[in-house]
Amino acid sequence: MFNRFIDWFCNKIWPLVDSQRQILGIQLDITNACNLACVHCYHPHHKNQGALTYEQWLQVLEQYKQLLKKLRMKPSITICGGEPLLCSFLIPLLENIRKYFPFCDLSIQTNGTVLTFDQVVSFKKLNVSIQISIDGPNSQSHDLIRGDGSFKKSLDGCHLLKTHSIPFWFLAILSEKTAPWIPDFFKLAITAGASAMNFTRLVIEGYAKQLFTLNVDRPLEGKHLKKALKDILEYSREYNVPTETRGALWHLIDREIGSPNNVGFAGLIISYKGEFKVTSRASMVLGNVLHEGIEKLFLFHPIMQRLRKGKIEGCGQCRFFDRCRGDR
């Protein structure tokens with residue numbers, strides 16, 4: 001009787017109190033292979049050695065399902081890479097995800113250059129949404145980062161998605177180099193039919209370390225970052241194109257927006273090798289889920305516990321920690 005009451009409370013009442021906390025999101029980096037070599041990529045290489053097999057990913061899904069059941073939380077799954085569209089078992093994996101979690105939010109992060117008709121048909125059937133990486137508002141700027149011809153191929157992929165009424169949105173890297181292009185990114189989103197134009201800050205990991213060392217590009221900081229975030233909001237409103245404002249620092253721009261970072265609290269990342277990570281944009285690995293298990297690493301790893309208690313360098317003592325919870 002008590003367990004039934006708890007289930008009823010978690011499913012019916014708790015979402016009215018806090019609709020976000022009931023979701024435990026997971027990012028599955030199902031491959032490290034990629035057809036591009038973007039100059040700002042945070043991966044140090046695109047070798048796929050040691051990658052999990054299809055059967056091992058099914059084990060990961062089973063572990064995730066059991067953790068959700070224990071915590072009485074709901075799933076949200078993001079498929080990432082490398083370039084996930086290159087993964088030979090992508091569609092069977094998506095089909096199994098839908099068997100496990102029929103109604104969960106399911107999305108794929110891709111560069112969109114190798115999207116095929118057959119994949120799009122499957123995405124439509126399986127109710128999958130798509131994030132397309134766009135790092136310049138035109139072929140000249142985008143191809144300089146992602147390689148010759150990649151802009152056209154990405155937009156061709158967008159056209160294929162739009163034709164089949166599959167929702168997609170854009171994500172661009174925000175840096176000193178790309179900040180002046182913010183209004184043009186929003187114009188491109190309108191032209192291509194993207195549902196949103198989102199941004200994520202440049203991270204000095206992997207290939208991007210060389211950009212920083214050679215002074216080719218660098219992350220925005222201080223007043224320059226603040227201006228860029230204000231510009232994003234301004235053009236989002238001007239062009240009526242939504243933009244993602246969850247996560248760190250947004251509440252400093254407008255107190256009505258922003259929400260705490262959920263990684264470590266209600267989010268986790270599994271690498272292509274089965275490594276448990278707090279973020280895909282840093283090299284720190286906390287363990288391997290096939291050996292130690294998702295539940296043990298998520299709930300009991302000392303770093304995860306310190307993170308949830310706010311005992312993390314640079315963030316734990318900040319007066320905005322409850323609003324932000326830090327960034328990578």
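Buried means under 20% relative accessible area, exposed means over 50%, and partly exposed lies in between (1.4 Å probe, protein chains only). The model is predicted, so local features need pLDDT of at least 70 and side-chain atom pairs count only at pLDDT 80 or more, while totals for chains, interfaces and linings use all residues. Residues are numbered from 1 along each chain as its sequence is written, and side-chain values use heavy atoms, with hydrogens and water left out.

**Exercise 1. The sheet**

Task: Find the order of the nine strands in the open sheet, and say which strands stand at the edges.

Solution.
- Strands (E, at least two residues) and helices (H or I, at least four) are DSSP runs, numbered from the N terminus.
- Two strands pair if DSSP finds at least two bridges between them.
- The order is 6-5-4-3-2-1-7-8-9, with mixed pairing.
- Strand 6 and strand 9 (287-288) are at the edges. Each has a single partner strand, so one side of each lacks a neighbour in the sheet.

**Exercise 2. Strand 1 and its partners**

Task: How does strand 1 pair with strand 2, and how with strand 7?

Solution.
- Take strand 2 (residues 74-80). Its pairing with strand 1 is parallel, over seven bridges. Ile23 has Lys74 as its bridge partner there.
- Turn to strand 7 (residues 267-270). Its pairing with strand 1 is also parallel, over four bridges. Here Gln27 stands opposite Ile269.
- Now check the cover. Strand 1 spans residues 23-29, and six of its seven residues are buried.

**Exercise 3. Another pair, and two helices**

Task: Describe the pairing of strand 4 with strand 5, then find the strands that helix 3 and helix 9 touch.

Solution.
- Strand 4 (residues 129-133) and strand 5 (residues 168-174) run parallel over four bridges. Ile132 has Phe170 as its bridge partner in strand 5.
- Contact means heavy atoms within 4.5 Å. Axes are lines fitted to C-alpha atoms, for helices over the stretch in contact, and angles run from 0 to 180 degrees between N-to-C directions.
- Helix 3 packs on the sheet and touches strand 2 and strand 3. Its direction makes about 160 degrees with that of strand 3.
- Helix 9 (residues 222-239) also packs on the sheet, touching strand 5 and strand 6. Its direction makes about 160 degrees with that of strand 5.

**Exercise 4. Aromatic rings**

Task: Why does the pair of Tyr64 and Phe101 count as edge-to-face, and where do the two residues lie?

Solution.
- Rings of Phe, Tyr and Trp (its six-membered ring) pair if their centres lie within 6.5 Å; planes under 30 degrees apart count as stacked, over 60 as edge-to-face and the rest as tilted.
- The structure holds eight such pairs.
- For Tyr64 and Phe101 the centres are 5.5 Å apart and the planes are at 70 degrees, so the pair is edge-to-face.
- Tyr64 is in helix 2 (residues 54-71), and Phe101 is in the loop between helix 3 (90-100) and strand 3 (105-110), 37 residues apart.
- Tyr64 is buried, at 0% relative accessible area. Phe101 is buried too, at 6%.

**Exercise 5. Cysteines**

Task: How many disulfides does the structure have?

Solution.
- A disulfide is a pair of cysteine sulfur atoms within 2.5 Å.
- The count is zero.
- For Cys34, the nearest cysteine sulfur is that of Cys38, 6.0 Å away. Cys34 is partly exposed, at 24%.
- For Cys158, the nearest cysteine sulfur is again that of Cys38, 15 Å away. Cys158 is buried, at 1%.
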